[in-house]
Amino acid sequence: NLVQLSVMSLGISLIFLTIAIPIQLNGAWVTIAWAAEAVVLIWISFTLRMWQMRIFSLVAFSILSLRLIALETEVTIEDFQAILNHRMLAFSSGILAFYVAVYIAKIHYASLMNWEKQKLLPGLLLTANALSLLIISLEMITLIDANIANFSASTANHIKSLGLSLLWAIYASILIIIGIIRKVRLIRLAGLILLTIPIIKLFI
């Protein structure tokens with residue numbers, strides 16, 4: 001029917017758009033473009049009341065996540081600047097896209113299907129937090145490596161190990177506090193699980 005034809009045509013257009021992004025752009029701008037596409041898709045899905053578009057949005061978010069982890073984690077240590085670097089730009093845009101998608105989905109919560117309420121929202125939140133923890137951990141490690149001339153190798157490793165434990169503990173504590181204030185069990189549980197990692201690491 002006409003609706004199926006429209007969805008199919010739109011899907012084909014989105015495939016070509018996704019392919020065109022890395023051809024026309026490069027570096028962090030590819031990540032930013034995919035982040036924008038993912039958000040626009042989830043917004044369109046509610047505006048046009050087409051749940052199928054959220055499937056395309058999830059594909060875009062998956063591509064975005066894979067690109068961030070596989071291609072955007074490396075930086076040049078020699079001229080490294082904390083926060084003011086292409087990696088932070090790419091991760092910030094990607095993480096923001098996840099949180100905007102969560103916000104849009106919550107506004108239209110009544111329109112979500114059961115599986116989306118149980119898996120889509122928690123999945124988006126979990127990925128956003130995982131990427132946030134990853135980027136701040138990477139920034140801290142790279143910052144220490146960039147100034148490694150001021151430390152011995154063993155001292156630098158100890159600083160990184162202690163710094164990561166402290167960073168994860170603080171992040172976990174923030175999640176637990178937010179979960180208590182917002183009365184969201186999933187956030188509290190995620191914070192508690194994350195908190196066990198530096199505790200186990202400390203004992204080991």
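This report describes the fold, the surface, the largest pocket and a few individual residues of a predicted model.

**Overall fold**

The protein is built from helices, with seven of them and zero strands, and its elements follow one another along the sequence in the pattern α-α-α-α-α-α-α. Measured out along the principal axes, the C-alpha trace extends over about 70 × 45 × 25 Å. Among contacts in the protein with a separation of 6 or more, 61% join residues that lie 24 or more positions apart.

**Surface and charge**

Of the 204 residues in the protein, 38% are buried. The protein exposes about 12300 Å², and carbon and sulfur atoms supply 72% of that area. There are 13 positive and 8 negative charges, and the mean position of the positive charges lies 21 Å from the mean position of the negative ones.

**The largest pocket**

Rolling a probe the size of a water molecule over the atoms shows where empty space is left. In this model the largest pocket has a volume of about 760 Å³, and of the 24 residues that line this pocket, Leu125, Leu126, Asn129, Leu175 and Ile187 are the closest to its centre. Helix H4 (86–107), helix H5 (114–146), helix H6 (153–182) and helix H7 (185–203) each supply at least two residues of the lining. Which helix gives the largest share of the lining of the largest pocket? That share, eight residues, comes from H5.

**Residues in the helices**

Three residues in helices illustrate how positions along the chain relate to positions in space. Ser9 is found in helix H1, which covers residues 2–24, and Ser9 counts as partly exposed because its relative accessibility is 37%, a value that falls between the limits of 20% for buried and 50% for exposed. Ala36, whose place is in helix H2, is likewise partly exposed, with a relative accessible area of 40%. Lys119 is found in helix H5, and this lysine counts as exposed because its relative accessibility is 60%, where the class begins over 50%.

Each of these three residues can be paired with another residue of the chain, and the table gives the separation of each pair in sequence together with the distance between the C-alpha atoms.

| Pair | Separation in sequence | C-alpha distance |
|---|---|---|
| Ala36 and Leu96 | 60 residues | 9.7 Å |
| Ser9 and Leu125 | 116 residues | 30 Å |
| Lys119 and Ile144 | 25 residues | 37 Å |

Leu125, the partner of Ser9 in the table, also belongs to the residues closest to the centre of the largest pocket.

**Two loop residues with positive phi**

Most residues other than glycine have a negative phi, and most peptide bonds are trans. Against that background, two residues in loops deserve a look at their backbone. Arg49 sits in the loop between helix H2 (28–47) and helix H3 (52–71), and its phi is near 55°, a positive value in a residue other than glycine. The second residue, Ile83, has its place in the loop between H3 and H4, and here phi is near 70°, again positive in a residue other than glycine.

Are these two loop residues buried or exposed? Arg49 counts as exposed because its relative accessibility is 77%, and Ile83 is exposed as well, with a relative accessible area of 56%; each value is over the 50% that the class requires.

Notes
Residues are numbered from 1 along each chain as its sequence is written. This is a predicted model: local features need pLDDT of at least 70, side-chain atom pairs count only at pLDDT 80 or more; totals for chains, interfaces and linings use all residues. Side-chain values use heavy atoms; hydrogens and water are left out. Helices (H or I, at least four residues) and strands (E, at least two) are DSSP runs, numbered from the N terminus. Buried means under 20% relative accessible area, exposed over 50%, partly exposed in between (1.4 Å probe, protein chains only). Contact means heavy atoms within 4.5 Å. Accessible areas come from the Shrake-Rupley method with a 1.4 Å probe; for residues, only the protein chains shown count as cover. Lys and Arg count as positive and Asp and Glu as negative; His and the chain ends are not counted. The place of a charge is taken as NZ of Lys, CZ of Arg, CG of Asp or CD of Glu. On a 1 Å grid over the protein atoms alone, a cavity is a set of points where a 1.4 Å probe fits but cannot get out, and a pocket is an open set with protein on both sides within 12 Å along at least five of seven lines; lining residues have an atom within 4 Å of a point. Grid points are joined across faces, edges and corners, and a volume is the space filled by probe spheres set on the points.
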